[in-house]
Amino acid sequence: MGQGELDYELITPSARIATATHGGRAKCLQRLLRLDLPVPKTVAISFSGVHSIAAGNFEDLPEILSNFNNNDLLCVRPSSESLDWGGPSAIMNIGMNNLRYEELKQKLGADAASSIYINFVQAYSLHVARLDPDIFNPVETQNSAALAKVLEIYENETEHEFPQDITKQLSEILRSMARTWESTTARLLRQAKGAPLDAGLGLVIQVMAFGLGEGECGTGTLQLIDENDGKPKIKGRYKEQSQIRPEKSSVGALYLTKDDRGWSLEDNNEEIFRQLVEFATIMRLKLREEMQIEFSIQNGILNILDGVRTPRRSQAAVRVAVSLAEDGIISRNEAIMRVEPRAISELLHRQIDPDADRDVLGSGVAASPGAATGKIVFSAEAAQSHASRGIDCILVRRETSPEDVRGMHAAVGVVTERGGITSHAAVIGRGIGLPCVVGVKDIRFQIKRKSLICNNGRQLKEGDEITIDGTSGDILFGSPKMVEAALDDAFQTLLEWTDEVSDMTVRANADTPQDALTARKFNAQGIGLCRTEHMFFESDRLTVMREMIFAKSAEDRRLVLERLLPMQRKDFIELFEIMKDLPVCIRLFDPPLHEFLPSDREGMHDLAEALGLPLSDVVRRVETMGEYNPMLGMRGVRLGVTVPEIYEMQARAIFEAIVQVSKEGISVVPEIMIPLVSAKREVELVKKRVASVASQVELETSAEVNYKLGVMVETPRAALRASDIAMNSEFLSFGTNDLTQMAYGLSRDDAGKFMSQYVQQGVFQEDPFHILDPEGVGELVKLGADRARSIKPNITLSICGEHGGNPESIAFCHQLGFHYVSCSPYRVPVAKLAAAQVAISTQIS
């Protein structure tokens, strides 16, 4: 360690080096030395030392240089705590000057020596002198004449001779790198990658191992896995007699590329290749990670310059973690902790290839992950028509409604002008695994003219091909290259491991048999929310629903609903059969009835014709049912109290379905959930009617009907009065989509227009519809949970809003001791991994 303010260490096996003080690269180099790997001599400057350098302290520089030989050339590399946080560019060949050039020219030849000197001058000019890199464009070769030209350009631009003293060179390089790290731009960039505000930077100064000389010489990298899928494969790059790092090229299982030739085990370099593979294997075992070796060979002698975590895509990250655990190198719990939950979602859907060109037309809210390419259509009917002809299409709407669901199923992706993360299009998109971008601001939607106008004047019409990226929110022209979904054996193994450690179970929001099958595929532990209203928008049911709405008396409504009963009963039988003995929570009818009525003149005319009524009667009825704010109007339990026939029909369908599947040996205790409750009396009224229906079915079938009755807590008053409501409930499930909407006074369909600006300006830390707000909405959830438990300590508590698939929100639910979370089927794997990670973290702490 330096004796002045500058804190540094010569890296040895016993040196005081730590990731938290010197960075990950410095610590890795020490670990490589402890494994007896041939690492060139290296000095590590600590975070505090770099900060001191930024302030102008260079007192210990001569002492640092005393660790190296006088004729050594050096390189300086960043060493931040996390490789992902980046850092200033490395600078090679420090110490190169006119005298050293003459020496190397004798050993390596004029061109090789010139190349080394030119590379150093250009790097110094760019990163230290801050010159425009374009000034060197006239220099196209790397020989003695080019070197003279480069030195002349430097002197003309700076009005100084290129520094010849290594102390001067190193001090300026260290100062520049230290100040670059502490600049505002660099701080903002690394904070965006998750770095804390006070993240430190270390620097490592290492002897250059050229990979240049008379014998076998070169530089390269080697790794033991394919970075795309994580399967074992020896890969790397090798450049003979050069310091230039070319683009990575693929290699076979037994060789690295060496220029255009193969470097195989049969060549004379078999021993070097064997050493590299052996070193990489040792690093995997001892460092407990798949590592990429950076190496150089000089006159047949191998040097290990660095070791970094092998870059990998999401599929590879999962396989590597599982493989390391199966080989006994890490524990299963550590494997679970090593996989980023959000990366899992990339495996469930097609994605745009990261290397593909992106012709971006506009962007919006990334509402449902995955990518899809198709022809633009502007109506659900057009989407269905295209699907019937086998043509992929993207459904474009101002906003979607329940009537668009069939069109959404027919399309390969959805784009809407309005909406946010919990809008209708977003929720349905995530539920059926459909890529979706909503709240698009920089494209004008002309639905009637069937065109889209981009900000730059570019116009798209129906039939044009576009691609939507529901992971980033971008809308692109054409069809870029895709990466297919990858649900391999490693993915399934990891999901199975999560069940072994989780304290909470994960259910799926599933409305259809297809949703339920998807939930089972991802090992969901039941259905936490079945929204029954989506079952009534099928064409054969919609007309019956409209007849019920136009019925003039309760008895007439019951007669119409009797025609829906067998259809609803069949729905529940299918769900129970698919889920078998897993729990199924069924939410009773929730939306306002006007959603089932046409809004345009043509639709009203068709309805009048279907019902045999005068058009004026239909128009009058539609207008009468209109509400200024239907989401706060006659919906949910309010319909159940004022139009009880609907809930009675649904309850009967549930109970008759139970009786039917019990004959098949399936044991089901359905959970019947009442939506939009605000008062204890609402629950009492619905509970009494449901119990009456259950008694009737038991009497008619001579079979016992068991069920649980609970409440969906989605109004602030329900949370505040949870102690009253819990008295008549066996479970409470917090519907945080509506609860957030009501707590904030925000429309979840319109908030997307300004939410990004609110987050950017720090009004909200995150979009509260995306991540549960722990201080506001979360306080209501906690208060409701506590008050419910004060009456019923063992009451079942859960979340069934879209927050149930968000890792941060899952951690909050775990903290409150919730029994389960429920989310869209395609978010189940993400939720299972997040729930397992929070359970493991709790055990560790």
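Two strands count as paired if DSSP finds at least two bridges between them. Strand S19 and strand S20 (residues 451–454) pass that test, for four bridges join them, and the two strands run antiparallel. One of the contacts in this ladder can be named: Arg 444 has Ile 453 in S20 as its bridge partner. The model in which these pairings appear is predicted.

S19 and S20 belong to an open sheet of three strands in the order S19-S20-S21, and the pairing is antiparallel. Strand S19 (443–446) and strand S21 (459–461) are the edges; each has a single partner strand, so one side of each has no neighbour in the sheet. From one strand to the next the twist averages 20°.

Another open sheet has eight strands, in the order S13-S23-S22-S15-S16-S17-S18-S14, and its pairing is mixed. Its edge strands are S13 (360–363) and S14 (365–368), each of which pairs on one side only. Here the twist averages 30° from one strand to the next. At the S14 edge, three bridges link S14 to strand S18 (residues 436–438), and these two run antiparallel. Ala 366 has Val 437 of S18 as its bridge partner.

Before going further, consider how confident the prediction is. The pLDDT averages 88 over the protein, and 95% of the residues score at least 70. Residues 1–5 have a pLDDT below 50, and this stretch makes 14 contacts in the model beyond near neighbours in sequence. Residues 242–268 are also below 50, with 74 contacts beyond near neighbours in sequence. Where pLDDT is low, the predicted coordinates should not be read in detail.

Turning to the interior, the largest nonpolar core has 127 residues, and Phe 576, Phe 655 and Phe 818 touch the most other members. Helix H24 (residues 645–662) supplies the largest share of this core, eleven residues. Apart from this core lies another, of 54 residues, which includes Met 96, Tyr 101, Tyr 117 and Leu 203. Nonpolar side chains tend to be buried together in soluble globular proteins. Beyond its neighbours within four places in sequence, Phe 818 contacts Met 504, Phe 734, Val 781, Ala 785, Arg 789, Leu 797, Ser 798, Ile 799 and Cys 813.

Helix H18 (residues 513–521) shows burial along one helix. Its residues Asp 515, Ala 516, Thr 518 and Ala 519 are buried. Why do they lie on the same side of H18? They do so because they cover an arc of only 160° around the axis. An α-helix has 3.6 residues a turn, so residues three or four places apart point the same way. The cover over the buried residues of H18 includes helix H16 (424–432), strand S25 (505–509), strand S26 (527–531) and helix H20 (554–579). Just after H18, Asn 523 adopts a positive phi of about 60°.

A last stop is Pro 675, in the loop between strand S28 (671–674) and helix H25 (680–701). Is this loop residue buried or exposed? Pro 675 counts as buried because its relative accessibility is 0%, and the cut-off for burial is under 20%. Among the residues in contact with Pro 675, neighbours within four places in sequence aside, are Arg 587, Leu 588, Phe 589, Asp 590, Tyr 647, Met 712 and Glu 714. Val 637 is another contact of Pro 675; the two are 38 residues apart in sequence, and their C-alpha atoms are 5.7 Å apart in space.

Methods
Residues are numbered from 1 along each chain as its sequence is written. This is a predicted model: local features need pLDDT of at least 70, side-chain atom pairs count only at pLDDT 80 or more; totals for chains, interfaces and linings use all residues. Side-chain values use heavy atoms; hydrogens and water are left out. Buried means under 20% relative accessible area, exposed over 50%, partly exposed in between (1.4 Å probe, protein chains only). The arc is that of the directions from the helix axis to the C-beta atoms. Contact means heavy atoms within 4.5 Å. pLDDT is the predictor's confidence in each residue, from 0 to 100. A nonpolar core is a set of buried Ala, Val, Leu, Ile, Met, Phe, Trp, Tyr and Cys residues joined through side-chain atoms within 4.5 Å. Axes are lines fitted to C-alpha atoms, for helices over the stretch in contact, and angles run from 0 to 180 degrees between N-to-C directions.
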